Amino acid sequence: MTDVNAARGKQAVNLQEKLERIEGFWQPRVIAEMNDYQFKLVRIEGDFIWHDHPETDETFIVIEGRLRIDFRDGAVHIGPGEMFVVPKGMEHKPFAEKEVRMMLIEPRGTLNTGREGGARTAENDIWI
Ligand code: NI
């Protein structure tokens, strides 16, 4: 009974609806949290910068498009319905020849440019 009442008034998060509201590329937007982790949606196109996240792994789940993540010793291709976890501390560079829409899962406070910083660093913790 308690669980039923707790669910009253709750609403599912619709990924497509959220994605349509995101303007611009490389600007992750938070859609949910689980404990101290955040679920983010982002649209990307073109090249990013080499960076790593010394404190955490980083999960990529592709919703639309084909993502390539370059590593110093190779690359992984991730299509719609596929995911990949970049290990903590491993240098990587996302690339999208055409627009890719995807979900990121990472701890709250994780910057898109990791410890590299610089001009491509997006403002963090913006909900949509
Ligand atoms: Ni990263």
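Is H51 buried or exposed? Buried: its relative accessible area comes to 2%. Some notes follow; keep in mind that this is a predicted model.

1. **The nickel site.** H51 is one of the residues that hold the nickel ion, through its NE2 atom. H53 and H92 also coordinate with NE2, while E58 brings in an OE atom, and the distance is given as 2.1 Å. So if you're setting up parameters for the metal, the donor set to look at is H51, H53, E58 and H92.

2. **Geometry around the ion.** What range do the angles subtended by the four donor atoms cover? They run from 86 to 172°, so the arrangement is classed as irregular. The tetrahedral label would need all angles to lie between 85 and 135 degrees, and the upper end here is 172°.

3. **Donor spacing and burial.** Along the chain, the donors follow the pattern H-x1-H-x4-E-x33-H. The glutamate of that set, E58, has a relative accessibility of 4%, so E58 counts as buried. H51 is buried as well, at 2%.

4. **K40, a buried lysine.** Worth a look in the viewer: K40 sits in strand β2, which spans residues 37-47. Its relative accessibility is 3%, and because buried means under 20%, K40 falls in that class.

5. **Who K40 talks to.** Which side chains make polar contacts with the side chain of K40? E106 is one of them, at 2.8 Å, and N124 is another, at 3.4 Å. Leaving aside residues up to four places away in sequence, K40 touches P28, R29, V30, M102, M103, L104, E106, T110 and N124. E106 and N124 therefore turn up both as polar partners and in that list of touching residues.

6. **W26 and its phi.** Most residues other than glycine have a negative phi. W26 isn't a glycine, yet its phi is positive, at about 65°. You'll find W26 in the loop between α2 (15-20) and β1 (29-34). With a relative accessibility of 11%, W26 counts as buried.

7. **D125, another positive phi.** D125 is a residue other than glycine too, and its phi is near 65°. Where does D125 lie? Its place is in the segment after β7, the strand covering 93-107. D125 has a relative accessibility of 40%, so the label is partly exposed, whereas W26 is buried at 11%.

How values were computed. Residues numbered from 1 in each chain as written. Predicted model: local features only at pLDDT ≥ 70, side-chain atom pairs only at ≥ 80, totals over all residues. Heavy atoms only, no water. Donors = N, O, S within 2.8 Å, 3.2 Å for Na, K, Ca; no water. Tetrahedral: all angles 85-135°; square planar, octahedral: opposite > 155°, others 65-115°. Buried < 20%, exposed > 50% of the residue type's maximum accessible area, 1.4 Å probe, protein only. Helix = DSSP H or I, 4+ residues; strand = E, 2+ residues; numbered from the N terminus. Polar contact = N/O pair within 3.5 Å; in protein donor to acceptor, adjacent residues only side chain to side chain. Contact = heavy atoms within 4.5 Å.
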